[in-house]
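Open the model in your viewer and keep the sequence panel beside it. Each stop below says what to select and what is there.

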Amino acid sequence: MKQISTKNCTHDDLMVNDAKIDVRKLNVWFGDNHVLKDINLKIREKTVTAIMGPSGCGKTTLIRSINRMNDLINGSRTLGEVYIDGYNIYERNTNVYELRRKIGMVFQKPNPFPKSIYENVAFGPKIHKMARGKELDDIVEKSLKEAALWDEVKDRLHNSAFSLSGGQQQRLCIARALAVKPEIILMDEPCSSLDPTATARIEALLRRLSEKYTVVIVTHNLQQAARVSDFTAFLYMGKLVEYGDTKRVFENPQSELTEKYITGEFG
Amino acid sequence: MVNLEGKGGMKREGQRSLLEKAIEIILFVGALSSIIIVFLIIAYMSLEAYPALNLDFLLGWFWDPKKEMFGIFQIIVSTLYVGVGAILITTAIGVPTAIFLAEFCPRNVRNVIKPSIELLVGIPTIVLGFFGLMVVIPFIRDNFGGWGTSVLAGWMILAIMSLPHVISISEDALRAVPNSYKEAALALGATRWQTVKKVLLPYAKTGILASVLLALGRVMGETMAVTMVIGNPRVAWIPTSILDRAKVLTSTILLDWSYVEIPSMHYHSLFGIGLVLFFIVALIDVTATYMVKRGVIK
């Protein structure tokens, strides 16, 4: 690959003083591997923010640092701060369980539990002792409706989650995340294993969810980033190269690197 | 199908397939021989046991070779008593250990614990028997009273023996749980224990149960160490307390063999005991295997 300079990084000043998520000078290492380098990123409330970049650029690590899932990886080290509603989640006495309840996560491959559809959605509310009986039923119904799955599964709530198609399973995982009443939803390439129709449904759902939740989605699909997001961040080799209004980033990229990525010169 | 007639490679092709055939046959004979051996053993045992096999043998209450009484019912019950008790102890210690090793243990601690557990497998049963005789039995005699040789001593020795198997199979079952399930639970805000309880254990439970059953089969067939610590009264009885001595199927064969007359009813009965033991252990193993298979498909 041609040597590409990352010197002239360009960020829009988004003029946000009350960012929902505020990443400041974030550095992450896995062993000796410096995966994220001095990331600064402010994410607005109730928007869809896409993080794009070539494989291995640190996209996934970046969103997993927002709900501290990187803590689970042996040999990971984090330096810097991530503020959520003004609170630094890397503070020593952070309650990570409450943090992860507040921040839902949807993974690359649909990963429902080997339980019934109902039990999948009820899992979170149960472990957080949020509801029981009728109240729990209501949460399950509401979450499935929000994830646009209710009509397809309402007559077979007690069937195994594995009886659903891939796209339905992914929407079930979204419903499962919504059931614990999060404020932020992180999605790690949620459509990478889905066919175009299922992808379209998830993307439509994403737009709707952003009316109520702050959504951060990782994707290496440029069209997807352009279609669904309000803001786009471009990550390259662990550095944030460009960040701004999606339209602006795609139509008028400030960085040469972004332009090359968007026009398909590498990636 | 391509017609190879007249082509140069044809002959060589033919030779190779002959070699393939030969290898296949050799492998098949190898596989067959193990089956034949199993059936030979069963046939031989059945033949020798045949004169003793009747309801009086299986359900007869008294085993007293001197009085020509060969009922093994009490011995079967004692064997189950000793085996199941030992396995309960093993489960109570082994399953939590497996959970700890699979989920909570820092890597460097695991690097110490895991090899020591595996070392336990390598201890010959006769050495465990010595340990039982010299350490466990005096300990029981001094602290709980009685002879020392007892059901309790059998439990302890058998538990030590089966522990590594239960731990490693259970740990494997827990580690086989896809990481994506674990991540899903943790990302929902579950604690590590909640993840273990609600995701890992339900998923791994058939594997864990199978490990327990396999250990039970092994423990019931164990001879040397048990014979050394169990007490072996001359006349069979069902132990009334855990400090009571007991007579189990394996120890009966081992001890009676030294003075049995050949042929005699006593002799045939010992083969009968062997056959009964074989069927009990086989039944347990088949159940465990079936459970694992069903668990995998599910």
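Select A:Asp85. Is this residue buried, partly exposed or exposed? A:Asp85 counts as partly exposed, because its relative accessibility is 43% and the partly exposed class runs between 20% and 50%. Keep in mind that you are looking at a predicted model. A:Asp85 belongs to the loop that joins strand S5 (76-84) to strand S6 (87-88) of chain A. Check the backbone here. The phi of A:Asp85 is positive, about 50°, although the residue is not a glycine. Most residues other than glycine have a negative phi.

Next, select residues 59-66 of chain A. This is helix H1, and it is mostly covered, with 7 of its 8 residues buried. Colour the buried ones: A:Lys59, A:Thr61, A:Leu62, A:Ile63, A:Arg64, A:Ser65 and A:Ile66. Two charged side chain types, Lys and Arg, appear in that list. Now step past the end of the helix. A:Arg68 follows H1(A) and has a positive phi, near 55°.

Move on to A:Gly133. This glycine is part of helix H4 (residues 133-146) of chain A. A:Gly133 is partly exposed, because its relative accessibility is 46%. Draw a distance from its C-alpha to that of A:Pro114. The two are 19 residues apart in sequence and 22 Å apart in space.

Now zoom out to the whole of chain A. It carries 10 helices and 11 strands. The C-alpha trace spans about 55 × 45 × 35 Å along its principal axes. How does the radius of gyration of chain A compare with that of a compact globule? Chain A has 19 Å, which agrees with the value near 18 Å for a compact globule of 267 residues. Of those 267 residues, 56% count as buried. Colour by charge: chain A has 39 positive and 34 negative side chains, and the centres of the two sets are 4 Å apart.

Colour chain A by pLDDT. The mean is 90, and 93% of the residues reach 70 or more. Residues 1-9 fall below 50, and this stretch has 13 contacts in the model beyond near neighbours in sequence. Where pLDDT is low, the predicted coordinates should not be read in detail.

Switch to chain B. It has 11 helices and 2 strands. Along the sequence the pattern is α-α-β-β-α-α-α-α-α-α-α-α-α. The C-alpha trace spans about 80 × 60 × 30 Å along its principal axes. A compact globule of 298 residues would have a radius of gyration near 19 Å, but chain B has 25 Å. Of its 298 residues, 42% count as buried. Show the surface: chain B exposes about 16,500 Å², and carbon and sulfur atoms supply 70% of that area. Its 24 positive and 19 negative charges have mean positions 10 Å apart.

Select B:Asn232. Find it in the loop between helix H9 (224-230) and H10 of chain B. Its phi is near 45°, a positive value in a residue other than glycine. Is B:Asn232 buried or exposed? B:Asn232 is buried, because its relative accessible area is 15%, and buried means under 20%.

Last stop: B:Pro263. This proline sits in the loop between helix H10 (249-256) and helix H11 (265-297) of chain B. Look at the peptide bond from B:Ile262 to B:Pro263. The bond is cis, with omega near -10°. Most peptide bonds are trans.

Note on methods: Residues are numbered from 1 along each chain as its sequence is written. Chains are lettered from A and ligands numbered from 1 in the order in which they are written. Side-chain values use heavy atoms; hydrogens and water are left out. Helices (H or I, at least four residues) and strands (E, at least two) are DSSP runs, numbered from the N terminus. The radius of gyration is taken over C-alpha atoms; the globule rule is 2.2 Å times the number of residues to the power 0.38. Buried means under 20% relative accessible area, exposed over 50%, partly exposed in between (1.4 Å probe, protein chains only). Lys and Arg count as positive and Asp and Glu as negative; His and the chain ends are not counted. The place of a charge is taken as NZ of Lys, CZ of Arg, CG of Asp or CD of Glu. pLDDT is the predictor's confidence in each residue, from 0 to 100. Contact means heavy atoms within 4.5 Å. Accessible areas come from the Shrake-Rupley method with a 1.4 Å probe; for residues, only the protein chains shown count as cover.
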